[in-house]
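Here is a short walk through one protein model, written for a reader at the bench. Please keep the viewer open as you go.

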Amino acid sequence: MQSKICETNVWSLELDLPQDVAVQYRYLICSVDPSSENVHVRRFETHTTPRSVPAEASKAEQDSKLDTLGDIDGAVKLDKGWLTSETIIQFKFFDNPFAVKERIKNRLLFVKITPMNLRINAESQSPTALLEESLSNDTRENGTDHQAYAFTEVTSLRNPNSVFEQQSQFGCPYNPDDFLVFNVTVAEPENVAYLVDLYTHSSRSKEDEPPYHLGYHYILPNFLKKSEGILELPVTCASKHRPLGMMRIEYLKVTPLLPSKCNLERSYVRYWNKRWTGLDVGHRGSGTSFKASDGNVIRENTIASLKKAVAHGADMVEFDVQLSKDLVPVIYHDFDIYVSLKRKTTLEANDMLELPMRELTLEQLKNLKVYHVVEGRTREAKFFDEDLDEHQPFPQLADALDVIDPHCGFNIEIKWSQKLKNGTMEADLHFDSNLYVDCILKVVLEKAGPRRIVFSCFDADICTMLRLKQNLYPVMFLTLGVTSRYPSYHDPRCNSIEMAVRNACATELLGIVAHTEDLLRDQTQVNMATDNGLIIFCWGDDNNSKDTIKHLKSLGIHAIIYDKMDIFSDKAVKESVFLVGARESQAALLQQINIENRYEQANHHDFLDQSKESLASAANSSKGASKANNNFKKMLKLLHTT
C-alpha cells in the first residue's frame, strides 16, 4: 500500500482490493500518537451511506475518480471524531473571571493555553524543576521542546458563528460577558500541565502593535483529578514574577468510553430525515402524572406509561434517566423520593422519610414502599398499583429498550444536578460525571439496536460528554431560555435560546430542545436554530393544547413533547413515523426484489429456450449426440425447478 501528497493537496493511495466484492469506505482525518501509535479520529465522513467501490468497477474507473473530503454527490458531512484512547480537557472562561490590578482592569485580555509535557527528561528532572526552567520574560518563546502531543482549539460563544479553531499566537481575546471555551486533546492527561498565558495591549501601543505578555499560571495535572471543577488561580506578572491578581477557570475532563464500542461503519450524530417534522413525543411516556387533577392517568416514567403513548401513535417517547446507588440506569424524574417507614393503610406525618434517590440501590427502589415527592409532601398517595409490574416506578433503561416497540424512538433525557444562578445546587450528586454518562451509554449501545435514539440534557457539559464519547447517537441541548417559571442556571449557555444555539453549533450537536414559553415569546428564534442547520424540539406545559401543538408544527418545529398523547394527538392513524417509514422501505425493497426476480426469470427462460434449440440441433449430429443428451437433461431439470 502506498500513499503520496501532491502540491495541489490531492492525496492518493494505491492498494489491492478483492475481486467481485463491493468495498465500502470513508475518508477521515486522524492523528497518530508517536509514543503509543494509537490512532485518534479528528474528523470523519458521516453520510448514512458510505462511499463504495463497486464489485464490477474497472481499474481505469477507479484511477480516474477524484473525491473531495466530506463531499459525496454534493452532500457535505464531515464531523468531529469521538474519543478512543485520548482525553479532552475543557477550560471555560465566563462571568468575567479576571480580577486584576486597577491599572489593567479595563484592558482587553488575550488568553492562550499551551499543554506542556511533563515526561521530558523525567529521569533527570522533576516536574517542578522542568516548569521553573521554562519560565522567562515571555513564556510563549519557551518550552517548545516540552510541548505535549496535543491539540488545542478555542471558540467564543460571543460569536454568532461559533466553531472551534486553532488558537492564534497570542491566544483569544476575552471580551466582557464573553464565554471562551478551550478544548485541549491529550493522550496522557496525567503527564500534561497547562500553561495559561495572558496578553494585553499597553495604553501607549500603536494600532498594529501586537499585545505584550502580561502574566501566566501553570495548571498541574493533579489540579484536575475530578471530572469537573472550578480553579481559582493567581496571575503572576510575566516580567516581575509578582502577583497581578486572580483568575477563575471552570474545567471539564472528558475521558473515553472503554472498551470502545464505536467504529466508522455508521454515524447518526447529526442525521435527521427531512420527512421527520412535527413529530409527536410523549412526555415521560403518556404524561406528567403528579400534576394531573383530572384522574385517569398512569404513573409517569413507567413501562405502562411508555406503552400507552406508543399505542396512541407517539413517534418518540421522552423519559428521564438517572443512576441508582449501584450504578444501574433507571427511569425516574425527581432527584428525591419519600420512603415509607411503616406499611399502613393510611399515611401519617411521621410515616415517611425524604431521601435522595441516589442513596438507594435498584433492589431497594423496587422492594421498598416508595412515594413521589408530591405524595410525600401532601401525605396523599396517588397510585395503588403495587401488584402491576409495568406500573412500577424505577424501570430499568435496559428493560425499556427491550420491551417497548422498536419502531418508537427514544428521547433519553439525562438527569444531572446543576448549579443555579443563586449559587445553590439542584441536588447534591456525588457521582463522577464520566462514570455516570458511561453507565448509561453502555446500556444504550448494547441494547438499542436499530431504534432511533436522541440524547438530551439541561447540562451543557453532559451534552459535551455524550457527544464526545460515542459517534452513533445524536445529542440535543435542553434549554430553559428566558422564563418566569423556573430559576436561572449558573451556566449562561442554559439561559437563552441564542446561547444554546451557539453552543450546539460549536460542539456539533444535532440541535436544541427549547422551552415553548420562550419560543412563543419570540417565534423568530425557531429560524435562529434552523438557519444554523439545527434540529429543534420544544417542551413545556404550554404544549398541552391541541391549538398550540398545531401552531408549533406550523412554525417548523421538528418535534413537540407533550402530555396525554391519547387526548392531544390529532393523528388519524396511530402509528410512529418510523414504523410508517420502515413499512414503506420494506415495500420498496420487496418491489425491487420482485422486479429483479422477474427480470432474472425472463432472461433465464430466454436462455433456456436458446439452449434447447442449440442442444436439439447438436443432438442431430452424431458427434454431439451424447453430450447434447446430457446437457439437455440438465436444462430440463433446471427448467422444471424454475
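## Around helix α12

This is a predicted model. Let's begin just past helix α12, which is followed by glycine 556. The phi of glycine 556 is positive, near 95°.

Helix α12 itself spans residues 546-554, and its buried residues are Thr548, Ile549 and Leu552. These three lie on the same side of α12, because they cover an arc of only 100° around the axis. Turn the helix over and you will find Asp547, Lys550 and Ser554 exposed on the other side. So what covers the buried residues of α12? The cover includes two helices, α10 (516-521) and α13 (565-568), along with the strands β31 (535-539) and β32 (559-562).

## The largest nonpolar core

Now for the interior. The largest nonpolar core holds 93 residues, and Ile412, Phe455 and Ile512 are those with the most contacts inside it. Helix α7 (residues 433-447) supplies the largest share of this core, eight residues. At least three residues come from each of domain 2 (87-121 + 146-254) and domain 3 (279-331 + 395-581).

Phenylalanine 455 is a good residue to select in your viewer. Leaving aside residues up to four places away in sequence, it touches Asn411, Ile412 and Ile414, then Ile440, Leu441 and Val444, and also Leu466, Tyr473, Pro474, Val475 and Met476.

## A separate core

Apart from the largest core lies another one, of 32 residues. Among them are Phe91, Val184, Val196 and Met247.

How values were computed. Residues numbered from 1 in each chain as written. Predicted model: local features only at pLDDT ≥ 70, side-chain atom pairs only at ≥ 80, totals over all residues. Heavy atoms only, no water. Core = buried A, V, L, I, M, F, W, Y, C linked by side-chain atoms within 4.5 Å. Buried < 20%, exposed > 50% of the residue type's maximum accessible area, 1.4 Å probe, protein only. Helix = DSSP H or I, 4+ residues; strand = E, 2+ residues; numbered from the N terminus. Domains from an automatic or database assignment. Contact = heavy atoms within 4.5 Å. Arc of directions from axis to C-beta.
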